[in-house]
Amino acid sequence: MGPNVKYPLKMKIILLVLAAIIPLLGIAIYLITALDNYRSAYDTIVSNMTVANNYNLDFKEELDEGIYKLAVGYTSFDSIRDEGSLEDPYMLIEELRTDFTDLMAITTDRESRVWLESLLRNIDTLEDRIDDVRANVERGGRYDENMEMLDNNIYILTELIQDDIQYYIYYQTKSIENLTRQLNEQASRFIRLCIGLVAAVVTVAITASLIILKSITNPLERLCRVTERIANGEFTARARIDTRDEIRVLSDSVDDMAEKLRIMISQIKEDERKMRYAELRLLQEQINPHFLYNTLDTVIWLIEGNELEKAVSIVVSLSEFFRLVLSRGQDFITIREEEMHIRSYLEIQQVRYSDILKFDISIDPRLYGFRILKLTLQPLVENSLYHGIKYKRAEGRIEVTGRQEDGLIRFLVRDNGVGMEEEELVKLREEIQKPCKETETGFGLANVNERIRMNFGPQYGMEIDSVKNKGTCVSITIPMEYMKQAGEAGREV
């Protein structure tokens with residue numbers, strides 16, 4: 001965080017959010033807790049009433065029918081379970097006792113528990129009376145007594161049990177009413193509390209929001225207008241925002257960026273002009289009519305001498321040479337293509353100067369996929385031939401090597417030609433450091449050096465060493481950068 005940031009935007013926004021969220025969070029927690037309690041109590045009551053209703057509808061009829069048919073001898077206690085239309089009284093009673101004992105454990109209101117207790121007592125009594133009926137049935141011949149027990153005991157007890165169930169359901173319904181009334185009272189209190197709290201929160205939040213948003217949006221709108229002017233090319237536009245937050249830091253950065261862009265655009269335009277001039281001059285030199293005339297004369301001489309294979313070879317090399325010189329308008333080619341270029345050039349020249357020119361090209365194949373500026377090595381080879389080997393007037397040798405050194409790519413072009421005196425070497429070193437249009441000698445070398453430095457940076461470029469009557473060595477250093485794709489076009493400065 002910069003020294004000018006006294007009130008960070010992050011802190012402003014956090015305070016605003018906390019001021020709004022904390023009260024609302026408390027309200028939400030209270031509301032969720034109340035609703036959860038109500039839901040739990042409501043679900044319990046509804047579940048209890050569902051269980052009770054199941055017995056309220058069918059229990060009395062099923063038990064009365066089963067006991068009656070047992071009493072009249074229609075079926076027996078041992079075989080009643082096999083009757084598809086009848087229920088075993090003992091099983092009905094046991095299910096009723098189990099379910100309502102469970103309800104007793106979870107029912108909380110006093111009135112409902114009173115009727116549950118009554119129901120459980122009546123269940124016990126009913127079971128005893130059914131035992132009496134069973135005993136009479138097993139002794140046999142007691143039809144009248146059994147009918148009397150049904151009328152005076154069994155039917156009355158099942159009626160009482162059904163009444164107990166209905167009263168239990170009634171008081172459970174009353175519990176829902178009480179629960180609803182309590183919820184309404186809580187809701188009323190909650191609404192009053194929320195209205196007051198929300199009004200206070202909204203008032204504070206709106207006031208704080210207007211202040212904070214104004215301190216953010218006004219400078220941002222001003223900054224947007226300035227950046228729009230800069231985007232339209234008005235690099236003299238400045239924001240100069242005097243706040244004590246990150247917007248001021250951003251404003252200062254935009255102002256600095258605009259100034260740097262102004263300087264950079266001016267420099268790029270100048271570099272572009274120089275680059276196009278240098279490339280045009282170099283291309284003009286490479287498409288040299290004398291070189292072409294001499295090569296074609298050599299082809300004619302070979303054909304007339306019936307050396308057709310050599311003639312075809314030199315034509316193929318010439319075609320490859322000019323294909324790579326043009327390179328479909330590309331500024332960058334692969335090191336493999338540059339190697340093919342200088343090889344084609346030297347093969348052509350070797351036919352013309354077969355008595356004085358030998359050459360060897362040794363570039364590490366692992367470098368073939370990296371990129372290089374077109375026409376980087378060819379001017380160096382040409383310089384070695386015309387200013388080194390040719391003046392020697394004896395057999396000479398040109399060696400081209402390429403290796404990786406310390407994460408960089410280094411090329412050496414050596415010849416064993418006439419070399420240079422120290423004074424000449426010093427002057428040439430000075431010349432190649434100048435823009436190529438200002439050079440008096442060594443235009444090709446200065447052109448290569450200038451293009452390398454413009455495209456890759458001032459830390460890259462050319463170095464020359466030479467010894468009189470021993471030869472010259474030119475080294476080129478460039479970064480290791482892969483071609484982005486086959487046929488990469490356009491310069492990347």
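This is a conversation about how some features of a predicted model get their labels.

Visitor: What makes up the secondary structure of the chain?

Guide: The secondary structure comes to 11 helices and seven strands. Of the 493 residues, 41% count as buried.

Visitor: Let's go to a charged residue. Why is Arg97 called buried?

Guide: Arg97 has a relative accessible area of 17%, and buried means under 20%, so Arg97 is called buried.

Visitor: And why is Asp124 called partly exposed?

Guide: Partly exposed covers the range between under 20% and over 50%. Asp124 has 38% relative accessibility, so the label is partly exposed.

Visitor: How do you know that Asp124 and Arg97 form a salt bridge?

Guide: The closest N and O atoms of Asp124 and Arg97 are 3.0 Å apart. A salt bridge needs a side-chain nitrogen of Lys or Arg within 4 Å of a carboxyl oxygen of Asp or Glu, so the pair qualifies. Asp124 lies in helix H3 and Arg97 in helix H2, so the salt bridge ties together parts that are 27 residues apart in sequence.

Visitor: How many salt bridges does the whole structure have?

Guide: A search of the whole structure finds 11 salt bridges. Another one of them pairs Arg410 with Glu405, at 2.9 Å from N to O. Arg410, at 25% relative accessibility, is partly exposed, and Glu405, at 36%, is partly exposed as well.

Visitor: What makes Glu94, Arg97, Asp124 and Glu127 one network?

Guide: Their salt bridges share partners, and that joins Glu94, Arg97, Asp124 and Glu127.

Visitor: Asp364 forms a salt bridge with Arg366. Are these two residues buried or exposed, and how do you know?

Guide: Asp364 is at 14% relative accessibility, under the 20% limit, so Asp364 counts as buried. Arg366 is at 68%, over the 50% limit, so Arg366 counts as exposed. The closest N and O atoms of the pair are 2.9 Å apart.

Visitor: Now for Asp109. How do you know that Asp109 has no salt bridge?

Guide: The nearest side chain of opposite charge, Arg113, is 8.0 Å away from Asp109. A salt bridge has to be within 4 Å, so Asp109 has none. Asp109 is buried nonetheless, and lies in the loop between helix H2 (89-106) and helix H3 (110-139).

Visitor: What does Asp109 meet instead?

Guide: The side chains of Asp109 and Ser112 are joined by a polar contact of 2.5 Å. The limit for a polar contact is 3.5 Å, so this pair falls within it. Leaving out residues up to four places away in sequence, Asp109 touches Tyr171, Gln172 and Ser175.

Visitor: Where is Glu481, and why is it called partly exposed?

Guide: Glu481 sits in the segment after strand S7 (471-479). Its relative accessible area is 27%, which is neither under 20% nor over 50%, so Glu481 is called partly exposed. A polar contact of 2.6 Å joins the side chains of Glu481 and Arg371. Beyond residues up to four places away in sequence, Glu481 touches Phe370, Arg371 and Phe456. The C-alpha atoms of Glu481 and Leu367 are 9.8 Å apart, with their positions 114 residues apart along the chain.

Visitor: What makes the phi of Leu375 worth pointing out?

Guide: Most residues other than glycine have a negative phi. Leu375 has a positive value, near 60 degrees, and is not a glycine. Leu375 is found in the loop between strand S3 (371-373) and helix H9 (378-392). At 3% relative accessibility, under 20%, Leu375 counts as buried.

Visitor: Which other residue has a positive phi, and why is that residue called exposed?

Guide: Asp406 has a positive phi of about 55 degrees although Asp406 is not a glycine. The loop between strand S4 (396-405) and strand S5 (408-415) holds Asp406. At 81% relative accessibility, which is over 50%, Asp406 counts as exposed.

Visitor: Which residues touch the most other members of the largest nonpolar core?

Guide: Ile398, Phe411, Met462 and Ile464 do, in a core of 51 residues. A second, separate core of 32 residues includes Leu70, Phe77, Ile93 and Met149. Back in the largest core, Phe411 touches residues including Ile335, Ile363, Leu377 and Val474, not counting residues up to four places away in sequence.

Methods:
Residues are numbered from 1 along each chain as its sequence is written. This is a predicted model: local features need pLDDT of at least 70, side-chain atom pairs count only at pLDDT 80 or more; totals for chains, interfaces and linings use all residues. Side-chain values use heavy atoms; hydrogens and water are left out. Helices (H or I, at least four residues) and strands (E, at least two) are DSSP runs, numbered from the N terminus. Buried means under 20% relative accessible area, exposed over 50%, partly exposed in between (1.4 Å probe, protein chains only). Lys and Arg count as positive and Asp and Glu as negative; His and the chain ends are not counted. A polar contact is a pair of N or O atoms within 3.5 Å; within protein, one must be able to donate a hydrogen and the other to accept it, and residues adjacent in sequence count only if both atoms are side-chain atoms. Contact means heavy atoms within 4.5 Å. A nonpolar core is a set of buried Ala, Val, Leu, Ile, Met, Phe, Trp, Tyr and Cys residues joined through side-chain atoms within 4.5 Å.
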